[in-house]
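Here's a quick tour of one protein chain, from its overall layout down to its cores and its main pocket. Have a look at it first, then read on.

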Amino acid sequence: MEVRNCKNCGRMFNYIGTPLCPSCEKELENKFLEVRKYVREHKDASITQVAEENDVSVNQIKRWVRQERLAFTDASQVGLECENCGAMIRTGRFCDNCKAKMTNELSSTIKKGAAVQQPKQKESARMRFLDGK
């Protein structure tokens, strides 16, 4: 069990994979629910408006969008850049074209790996036994 200090409040807690203590994690989840409700009610709000109205940082909103927990409509002004090509996207890290390319590349790599066979051992590399006469 690993003990760490909370990134937000500084209290010690048992680290489970997130840098926040359980109470700060719960508070952040409540903020997320508020932001999600606000975005649904104000479809044309900018990311700075959403952040100011809900007392949340712009970076936190971007994190939720990158995690695909929060998405904006096509009518919204809010958008992020695809991490690969820079195209404007509404949620996630990559645009649909880049996702398709990565999927195809991964599939072809897996197929190539399956097609490669183990080299056969040479006759001289095998183990030999001597007669004990």
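## Ground rules

Before we get to the pocket, a word on what helps to read it: helices here are DSSP runs of at least four residues, strands are runs of at least two, and both are numbered from the N terminus. Keep in mind, too, that this is a predicted model.

## The main pocket

With that naming in hand, which helix gives the largest share of the lining of the largest pocket? That's H1, with six residues. H1 and H3 each supply at least two residues of this lining.

The largest pocket comes in at a volume of about 480 Å³. Its lining counts 19 residues, and the closest to the centre are Leu20, Leu28, Gln60, Arg63 and Trp64. By chemistry, the lining residues split into eight charged, six nonpolar and five polar.

## Overall layout

Zooming out, the protein has four helices and four strands. Going along the sequence, they follow the pattern β-β-α-α-α-β-β-α. Of the 133 residues in the protein, 23% are buried.

As for contacts with a separation of 6 or more, 22% of them link residues 24 or more positions apart.

## The hairpin

Strand E1 covers residues 2-5 and strand E2 covers residues 12-15; the two pair in the antiparallel sense over four bridges. Together E1 and E2 make a hairpin, with six residues between them. In the turn, glycine 10 has a positive phi of about 90°. If you want a cross-strand pair to look at, arginine 4 stands opposite phenylalanine 13 in E2.

## Two nonpolar cores

Now for the inside. The largest nonpolar core has 20 residues, and those with the most contacts inside it are Val35, Val50, Ile61, Trp64, Val65, Leu70 and Phe72. Helices H1 (22-41), H2 (47-54) and H3 (58-66) are the elements that give two or more residues to this core. H1 has the largest share of it, at four residues.

What does leucine 70 touch, leaving out residues up to four places away in sequence? The list is Phe32, Val35, Arg36, Ile61, Trp64, Val65, Arg90 and Thr91. There's also a second, separate core of five residues, and Cys6, Phe13, Leu20 and Cys24 are among them.

## Where the pieces meet

A few names turn up twice. Trp64 is one of the best-connected residues in the largest core and also one of those closest to the centre of the largest pocket. Leu20 belongs to the second core and is on that pocket-centre list as well.

How values were computed. Residues numbered from 1 in each chain as written. Predicted model: local features only at pLDDT ≥ 70, side-chain atom pairs only at ≥ 80, totals over all residues. Heavy atoms only, no water. Core = buried A, V, L, I, M, F, W, Y, C linked by side-chain atoms within 4.5 Å. Buried < 20%, exposed > 50% of the residue type's maximum accessible area, 1.4 Å probe, protein only. Contact = heavy atoms within 4.5 Å. Pairing = 2+ DSSP bridges. 1 Å grid on protein atoms, 1.4 Å probe; cavity = no way out; pocket = protein on both sides within 12 Å on 5 of 7 lines; lining within 4 Å. Points joined across faces, edges and corners; volume = space filled by probe spheres on them. Nonpolar A, V, L, I, M, F, W, Y, C, P; charged D, E, K, R; others polar.
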